[in-house]
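Thanks for coming, everyone. Let me put the structure on the screen, and then I will talk you through it.

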Amino acid sequence: MADSTTQGQFDTLIAGGHVIDPANGVDGTFDVAVKDGKIAAVQPQIDRKSARSVFNADGQIVTPGLIDLHTHVYWGVTYWGIEPDPVAARSGVTTWLDVGSAGAYSFPGFREFIAGPSRSRVFALLNLSSIGLIAPTWEFNNPDYCDVDLAEKIVEANRDIILGIKARIDRNTTRGVGIYPLERARELADRVGLPLMTHIGYGPPTMEEIIPHLRPGDILTHCFTGGDHRILGKDNVVIEDIKKLHDAGLILDIGHGTGSFNYEVAEGLMGQGIMPDVISTDIHQMAIQGPMFDMPTTLSKFLNLGMSLSDVIERATSKAAQAINLDDLGTLGVGKPADIALFHLEEDGEYSFHDSQMNERNGTKRLISTKTMVDGAFLPQMPERELHIWAGLPEHQAAVFGSPDNFRPNRPS
Ligand SMILES: [Zn+2]
């Protein structure tokens, strides 16, 4: 064996970047050494000769690989799903939490065809609805699909990748069955002892009906929605019960998506110190076309709302990991998996960003993904699949981002 102390001691050295690792309180110029797929060292200066390959990260931001806490990556089987790896390679996301694309009946396929083969990490929240999100709406309309016993069995057989329960609770998902699905989702989450992610938007049911089912440690996604489930009250003060739950540990997650991020709500809440705990995309066939686009764009919106880069990165790394108890991810700690994201930060540009209602804000900062490493290997850029023929944006968004037809490249002629 060759001398293992210096020459070739490390596989890869990411040298000279501005490392931001909130989990370990690191924010400065450091070298990051990788060996055997793990973080081997993070130090101000590591000998260039100690690594077989050196990546010069001068002028770049180096962070733990991003964890996107609200995604839809069950391509080909659901209305919403995108393919994870090509987007991972161009956005810095190394871990996807697919939230409820699969219910009990489609979970075996999710495991076999998505979570297993993907190079980026894929975990899931199981949809209480046993049909999951194969269609855009109505997954709870038939109460027979709220099968708590069946869902519990699926969780028990897949605890390595199922990290919680998902229920979409709004007028389009429940259609006439009221709060019943959320009651059953609560029962399921309590039985299996995992967090419940509740999606809010437009009632019925009302927030007054929803709130009693939320617990500390649960995740409230679409927390900055502009819908009538908004947590900013009519008096422009956060709803008291939500504030109490948040103080006790309810996780507020952005889940931007096509319809769930509103600037007035964000500014109103952040102005009174209510920060999101996690910044996630709710990426899917529609949202990927804009105004959400991707994780770096979503993070950039919060930079331009005045959050520090470190606070923004924390909400897409260590805080996202904590929410689903993934202790090994979202950190550049020595010995942890070498999932790393590199970015270029533009700080004096002129950019415009839009919320779901197409309210516009201008900003000077933009985070641009440059490299994504998973398990110590950089992901190559990969071609992305064409969007599905039904994947048109809502009209008010398509009016800005182009004709809906432009987003249907594989439409039948
Ligand atoms: Zn979603």
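I will start with the whole chain, then take the domains, and then some local elements.

A caution before anything else: this is a predicted model. Everything I quote is computed from that model.

Overall shape first. The protein has 413 residues, and a compact globule with that many would have a radius of gyration near 22 Å. The protein comes out at 21 Å, so the two agree. Along the principal axes, the C-alpha atoms fill a box of roughly 70 × 55 × 50 Å. Of the 413 residues, 52% are buried. The secondary structure comes to 12 helices and 17 strands. Now contacts. Take those between residues at least 6 apart in sequence: 74% of them join residues at least 24 apart.

Next, the domains. The domain assignment gives two entries. Domain 1 is 10-63 + 341-378, and domain 2 is 65-329. Their centres, taken over C-alpha atoms, are separated by 26 Å.

How many residues of each domain are in contact with the other? From domain 1 there are 25 residues, and from domain 2 there are 30. On the domain 1 side, four strands each supply at least two of those residues: E13 (340-346), E14 (351-354), E15 (360-363) and E16 (366-374). E16 gives the most, with 7 residues. By character, that side of domain 1 divides into 12 nonpolar, 8 polar and 5 charged residues.

Keep E16 in mind, and look at helix H1, residues 84-91. H1 is mostly covered, with 6 of its 8 residues buried. The buried ones are Pro 84, Asp 85, Val 87, Ala 88, Ala 89 and Ser 91. What covers them? The cover includes strand E7 (93-99), strand E8 (121-127), helix H9 (295-304) and E16. Just after H1 comes Gly 92, which takes a positive phi of about 85 degrees.

Compare that with helix H3, residues 148-157. Its buried residues are Ala 151, Ile 154 and Val 155. Seen down the axis of H3, they fall within an arc of 100 degrees, so they line one face of the helix. The face turned away from that buried side carries the exposed residues Asp 149, Lys 153, Glu 156 and Ala 157. As for what covers the buried residues of H3, that includes helix H2 (107-115), E8, E9 and helix H5 (180-192). Note E8: it is among the elements covering H1, and it is also among those covering H3.

E9 takes us to a set of strands. Strand E10 covers residues 196-199. Leu 196 and Thr 198 point one way from E10, while Met 197 and His 199 point the other way. Are these residues buried or exposed? All are buried. The general background is brief: in a regular strand the side chains alternate between the two faces of the sheet.

E10 has strand E9 (residues 162-168) as a partner, running parallel and joined by 4 bridges. One pairing to find on screen: Arg 168 has His 199 of E10 as its bridge partner. E10 is also joined to strand E11 (residues 219-221), again parallel, by 3 bridges. Here Met 197 stands opposite Ile 219 in E11.

Two loop residues to finish. Begin with Leu 214, in the loop between helix H6 (207-210) and E11. Why does Leu 214 count as buried? The cut-off is 20 or more other C-beta atoms within 10 Å. Leu 214 has 21, so it is buried. Leaving out residues up to four places away in sequence, Leu 214 touches Thr 198, Leu 220, Leu 245 and Leu 250. Thr 198 is one of the E10 residues we just saw. For a sense of distance, Leu 214 and Gly 255 are 41 residues apart in sequence and 17 Å apart in space, C-alpha to C-alpha.

Then His 229. This residue lies in the loop between E11 and helix H7 (240-248). His 229 is buried, with 25 other C-beta atoms within 10 Å. Apart from neighbours within four places in sequence, His 229 is in contact with Ile 200, Gly 201, Tyr 202, Gly 203 and Met 207. Val 34 is another matter: 195 residues along the chain from His 229, with the two C-alpha atoms separated by 45 Å.

That is my tour. Over to you for questions.

Technical notes: Residues are numbered from 1 along each chain as its sequence is written. This is a predicted model: local features need pLDDT of at least 70, side-chain atom pairs count only at pLDDT 80 or more; totals for chains, interfaces and linings use all residues. Domain bounds come from an automatic or database domain assignment. Two residues are in contact if their C-beta atoms, placed from the backbone, lie within 7 Å. Ala, Val, Leu, Ile, Met, Phe, Trp, Tyr, Cys and Pro count as nonpolar, Asp, Glu, Lys and Arg as charged, and the others, Gly among them, as polar. The radius of gyration is taken over C-alpha atoms; the globule rule is 2.2 Å times the number of residues to the power 0.38. A residue is buried if 20 or more other C-beta atoms lie within 10 Å of its own, exposed if 12 or fewer, and partly exposed in between; C-beta atoms are placed from the backbone. Two strands pair if DSSP finds at least two bridges between them. The arc is that of the directions from the helix axis to the C-beta atoms.
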